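The following paragraphs lead the reader through one molecular structure, part by part. Please keep the sequence and the model in view while reading.

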Amino acid sequence: MLNSIHHTAIICSDYKKSKQFYTDVLGLTIIREVYREERQSYKLDLTLNGTYIIELFSFPNPPKRPSYPEACGLRHLAFEVDDIEKIIQHLNQNNIEAEPIRIDEFTQKRFTFISDPDGLPIEFYEK
């Protein structure tokens, strides 16, 4: 029945700041950017290595949502990386601090978390 995950939708509070984070810091590629006047809302479609993965939205005064890795509901966004130290170094160069590296108890793989500009947990999981 299902083929794949189509995308993840993220609503941000500061469109310019979040667009810069997802494109310049994380390196996602813009497919299209649309301003929807009737909603006073931007919609930014982003890809990773040619795969459509994120719709970034802005809306006037979106309500706050509790967001941390152990909150009920959608837990976090995770990206696979080849080298955890390399991504942490890149993040640090962009003034983003990562949590201490953890080890997955089942796979023995290393991972860490950061927060996007709105506090959404983002995980980097070493291949």
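Apart from its neighbours within four places in sequence, Asp-118 is in contact with Ile-11, Cys-12, Ser-13, Asp-14 and Ser-18. This arrangement is read from a predicted model. Asp-118 itself belongs to the loop between β7 and β8. One of its partners, Asp-14, is 104 residues away in sequence, yet the two C-alpha atoms are 8.1 Å apart in space. With another partner, Ser-13, the contact is polar and joins the two side chains at 2.3 Å. Asp-118 has a relative accessible area of 32% and is therefore partly exposed, since that class lies between 20% and 50%.

The strands β7 (110-115) and β8 (121-126) also lead to the helix α2, for they are among the elements that cover its buried residues, together with α1 (15-25) and β5. The buried residues in question are Ile-84, Ile-87, Ile-88 and Leu-91. Viewed down the axis of α2, these buried residues fall within an arc of 100 degrees, and so they line one face of the helix. The face turned away from the buried side carries Lys-86 and Gln-93, which are exposed.

The two ends of this helix may be considered next. At the N-terminal end, Asp-83 acts as a cap of α2, with a side-chain oxygen 3.0 Å from the backbone nitrogen of Glu-85. After α2 comes Asn-95, whose phi is positive, near 60 degrees.

Most residues other than glycine have a negative phi. Two further residues that are not glycine have a positive value. Gln-40, in the loop between β2 (29-36) and β3 (41-48), has a phi of about 50 degrees. Asn-61, in the loop between β4 (51-58) and β5, likewise has a positive phi of about 50 degrees. Gln-40 is partly exposed at 48% relative accessibility, whereas Asn-61 is exposed, with a relative accessible area of 76%.

The helix α2 also takes part in a pocket. The second largest pocket holds about 430 Å³ of space. It is lined by 14 residues, of which Leu-26, Leu-48, Glu-80, Val-81 and Ile-87 are the closest to its centre. Two elements, β5 (77-81) and α2 (84-93), each give two or more residues to this lining. By character, the lining comprises eight nonpolar, two polar and four charged residues. Ile-87 thus appears in two settings: it is one of the buried residues of α2, and it is among the lining residues closest to the centre of the second largest pocket.

How values were computed. Residues numbered from 1 in each chain as written. Predicted model: local features only at pLDDT ≥ 70, side-chain atom pairs only at ≥ 80, totals over all residues. Heavy atoms only, no water. 1 Å grid on protein atoms, 1.4 Å probe; cavity = no way out; pocket = protein on both sides within 12 Å on 5 of 7 lines; lining within 4 Å. Points joined across faces, edges and corners; volume = space filled by probe spheres on them. Helix = DSSP H or I, 4+ residues; strand = E, 2+ residues; numbered from the N terminus. Nonpolar A, V, L, I, M, F, W, Y, C, P; charged D, E, K, R; others polar. Buried < 20%, exposed > 50% of the residue type's maximum accessible area, 1.4 Å probe, protein only. Arc of directions from axis to C-beta. Contact = heavy atoms within 4.5 Å. Polar contact = N/O pair within 3.5 Å; in protein donor to acceptor, adjacent residues only side chain to side chain.
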